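Work through the exercises below with the sequence and the 3D structure at hand. Each task is followed by a worked solution.

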Amino acid sequence: MSEMLTITIDGKECTCEKGEYIYDVARRNNIPIPVLCRSDAFADHRACCRICIVEVEERGRRKVVTSCVYPVSQECAVYTKSEKILEERAVIFALLAHRAPDAKRIADMNAAMGSDGFDRLVTIDNEKCILCGLCVQACDSLGTGAISTVLRGTEKKVDTPYALPSEFCVGCLSCANVCPTGAIEYSQTDTTRTIWNREFNLAFCEKCGNLMGTPESIQHAVGAQGEAPRVCDECRKKELANEMMQTYRYV
Ligand code: SF4
Ligand code: FES
């Protein structure tokens with residue numbers, strides 16, 4: 001059994017396992033810490049936005065850490081809203097707002113923080129992406145690898161190779177769904193979905209007619225040799241339940 005520790009977060013006593021991240025302990029104890037690049041979809045957190053910073057006091061020494069990847073190793077006091085943290089977080093928000101002025105979530109958080117912009121910084125027009133990499137992580141974790149970060153410096157962005165429709169993309173929307181700022185755009189009609197400059201047909205459950213995804217994403221989920229399901233999970237569960245009822249009826 002792992003070692004248990006008691007820490008304080010903003011004065012509240014919280015019990016946690018040694019090695020748990022401060023952000024997770026705070027969230028479990030209903031103590032809000034803002035996050036952007038942290039997703040529960042992955043165990044591996046890249047910690048690039050830094051808005052989750054907190055101050056940690058260990059053995060009488062205080063330091064600023066990113067709470068989403070800082071493991072509790074000893075008893076400590078955590079401050080999520082100290083003067084230093086509020087100041088530094090406001091700067092981070094202001095920088096993000098220059099980087100991605102069209103990201104509503106950042107604009108809202110920035111307004112709530114009351115942070116000002118910086119005259120010296122160039123704002124990137126029409127940008128929503130903060131380059132957190134979650135979309136690439138999602139695509140890689142599915143084994144599709146259709147998108148990556150391309151170019152450098154201020155030109156750096158997420159895209160398919162050469163901005164062409166990718167043969168590896170399966171149109172699953174994992175990238176768009178995990179994006180914290182709504183930066184990945186796609187469109188959908190009754191029968192098609194377009195993302196990363198590629199149009200996909202949509203597949204519907206043969207029983208209930210609910211949308212199941214694109215044929216490519218459904219096939220990808222079962223592997224190249226697998227038989228793609230023609231009914232959705234819900235209908236499959238109902239079918240299984242019916243089959244079990246029939247079996248019991250005849251024993
Ligand atoms: S598109 Fe969204 S998920 Fe991808 S890097 Fe940009 S902000 Fe992050
Ligand atoms: S949420 Fe922790 S660094 Fe982005």
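A nonpolar core is a set of buried Ala, Val, Leu, Ile, Met, Phe, Trp, Tyr and Cys residues joined through C-beta atoms within 7 Å. The model used here is predicted.

**Exercise 1. The core**

Task: Find how many residues the largest nonpolar core has, and which of them have the most contacts inside it.

Solution:
- Step 1. The largest nonpolar core has 46 residues.
- Step 2. Ile22, Ile130 and Cys135 have the most contacts inside this core.
- Step 3. At least two residues of the core come from each of strand 1, helix 1 (22-28), strand 3, helix 2, helix 4 (134-141) and helix 5 (174-178).
- Step 4. Beyond its neighbours within four places in sequence, Cys135 touches Ile147, Val158, Cys175, Val178, Cys179 and Ile184 by the contact criterion.

As background, nonpolar side chains in soluble globular proteins tend to be buried together.

**Exercise 2. The open sheet**

Task: Give the strand order of the open sheet, and explain why one side of strand 2 and of strand 4 is left without a neighbour in the sheet.

Solution:
- Step 1. The open sheet is formed by 5 strands in the order 2-1-5-3-4, with mixed pairing.
- Step 2. Strand 2 (12-17) and strand 4 (61-66) are at the edges and have a single partner strand each, so one side of each lacks a neighbour in the sheet.
- Step 3. From one strand to the next, the twist averages 30 degrees.
- Step 4. Strand 1 (residues 4-9) pairs with strand 5 (residues 77-79) in the parallel sense, over 2 bridges; Ile9 stands opposite Val78 in strand 5.
- Step 5. Helix 2 (residues 83-99) lies across strand 3 (53-58), strand 4 and strand 5, at about 150 degrees to strand 3.

**Exercise 3. Two positive phi values**

Task: Arg59 has a positive phi, and so has Trp196. Decide for each whether it is buried or exposed.

Solution:
- Step 1. Most residues other than glycine have a negative phi.
- Step 2. Phi is near 50 degrees in Arg59, which lies in the loop between strand 3 and strand 4.
- Step 3. Arg59 has 7 other C-beta atoms within 10 Å, so Arg59 is exposed; the limit for exposed is 12 or fewer.
- Step 4. Phi of Trp196 is also near 50 degrees, and Trp196 sits in the loop between strand 9 (192-195) and strand 10 (198-201).
- Step 5. Trp196 has 22 other C-beta atoms within 10 Å, so Trp196 is buried; buried requires 20 or more.

Notes. Residues numbered from 1 in each chain as written. Chains lettered and ligands numbered in written order. Predicted model: local features only at pLDDT ≥ 70, side-chain atom pairs only at ≥ 80, totals over all residues. Pairing = 2+ DSSP bridges. Helix = DSSP H or I, 4+ residues; strand = E, 2+ residues; numbered from the N terminus. Axes fitted to C-alpha atoms, helices over the stretch in contact; angles between N-to-C directions. Contact = placed C-beta atoms within 7 Å.
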